[in-house]
Amino acid sequence: MEMIKILDKLHETGELRDLVLSGLISPNVLIQRKIFHAYNLQIDNGVSKMQSVVDVSTVFCVSERMVYRVLKRFK
């Protein structure tokens, strides 16, 4: 099972929040999940991959390299 699907399932049940609050999962995972979904939303709206990376990096104030790392981790 893909990691993003696992995180989404945990998010839907509220368990992801509990795991972050307990310190078992880094809060960075929440941001990375949002980055991944924002990128995919851009792609679904017909934006090019490169422009999507630039847009998402700007919105989340992270480097483009970080966006690529998130995409690699969750795919």
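What covers the buried residues of α3? The cover includes α1, α2, α4 and α5. The views below start from the whole chain and then close in on single helices and side chains. The model is predicted.

**Figure 1. Overall view of the predicted model, a chain of five helices and zero strands.** From the N terminus on, the elements run α-α-α-α-α. The C-alpha atoms fill a box of roughly 35 × 20 × 15 Å along the principal axes. The chain has 75 residues, and 28% of them count as buried. Among contacts with a separation of 6 or more, 45% join residues 24 or more positions apart.

**Figure 2. Close-up of the largest nonpolar core, a set of 16 residues.** Phe 36, Val 67, Leu 71 and Phe 74 have the most contacts inside this core. Five elements give two or more residues to the core: α1 (3-13), α2 (15-22), α3 (28-44), α4 (49-60) and α5 (64-74). Two of the residues named here, Phe 36 and Phe 74, return in Figure 5 as a ring pair.

**Figure 3. Close-up of α3, a helix of 17 residues.** From first C-alpha to last, α3 reaches 24 Å. That is close to the 24 Å expected at 1.5 Å a residue. Its buried residues are Val 29, Gln 32, Arg 33, Ile 35, Phe 36 and Tyr 39. They sit on the same side of α3, because they cover an arc of only 160 degrees around the axis. The other side of α3 carries Leu 41 and Asp 44, which are exposed. Partners covering the buried residues include α1, α2, α4 and α5. Past the helix comes Gly 46, with a positive phi near 90 degrees.

**Figure 4. Close-up of α1 and its buried face.** Which residues of α1 are buried? They are Ile 4, Leu 7, Asp 8 and Leu 10. Seen down the axis of α1, these residues fall within an arc of 165 degrees, so they line one face of the helix. Lys 9 and Glu 12 are exposed on the face turned away from that buried side. The buried residues of α1 pack against α2, α3 and α5. Gly 14 follows α1, and its phi is positive, near 90 degrees.

**Figure 5. Close-up of the aromatic pair formed by Phe 36 and Phe 74.** The structure holds one such pair. How far apart are the ring centres of Phe 36 and Phe 74? The centres lie 5.7 Å apart. The planes stand at 90 degrees, so the pair is edge-to-face. Phe 36 belongs to helix α3 and Phe 74 to helix α5, 38 residues apart, so the pair links distant parts of the chain. Both rings belong to buried residues: Phe 36 has a relative accessible area of 7%, and Phe 74 has one of 1%.

**Figure 6. Close-up of the surroundings of Phe 74.** The view leaves aside neighbours within four places in sequence. Phe 74 is then in contact with Glu 2, Met 3, Ile 4, Leu 7, Gln 32, Arg 33 and Phe 36. Ile 4 and Leu 7 are among the buried residues of α1. Gln 32, Arg 33 and Phe 36 are among those of α3.

**Figure 7. Close-up of the salt bridge between Arg 33 and Asp 8.** The structure holds one salt bridge. The side chains of Arg 33 and Asp 8 meet at 2.8 Å, N to O. Arg 33 lies in helix α3 and Asp 8 in helix α1. The two are 25 residues apart, and the pair links distant parts of the chain. Are these charged partners buried or exposed? Arg 33 is buried, because its relative accessible area of 14% is under the 20% limit. Asp 8 is buried too, with a relative accessible area of 18%.

**Figure 8. Close-up of Ser 52 in helix α4.** Ser 52 counts as buried, at 0% relative accessibility. Not counting residues up to four places away in sequence, Ser 52 touches Tyr 39, Gln 42, Ile 43 and Val 47. One of these partners, Tyr 39, is a buried residue of α3.

How values were computed. Residues numbered from 1 in each chain as written. Predicted model: local features only at pLDDT ≥ 70, side-chain atom pairs only at ≥ 80, totals over all residues. Heavy atoms only, no water. Core = buried A, V, L, I, M, F, W, Y, C linked by side-chain atoms within 4.5 Å. Buried < 20%, exposed > 50% of the residue type's maximum accessible area, 1.4 Å probe, protein only. Helix = DSSP H or I, 4+ residues; strand = E, 2+ residues; numbered from the N terminus. Contact = heavy atoms within 4.5 Å. Expected span 1.5 Å × (residues − 1). Arc of directions from axis to C-beta. Salt bridge = Lys/Arg side-chain N within 4 Å of Asp/Glu carboxyl O. Phe/Tyr/Trp six-rings, centres within 6.5 Å; stacked < 30°, edge-to-face > 60°.
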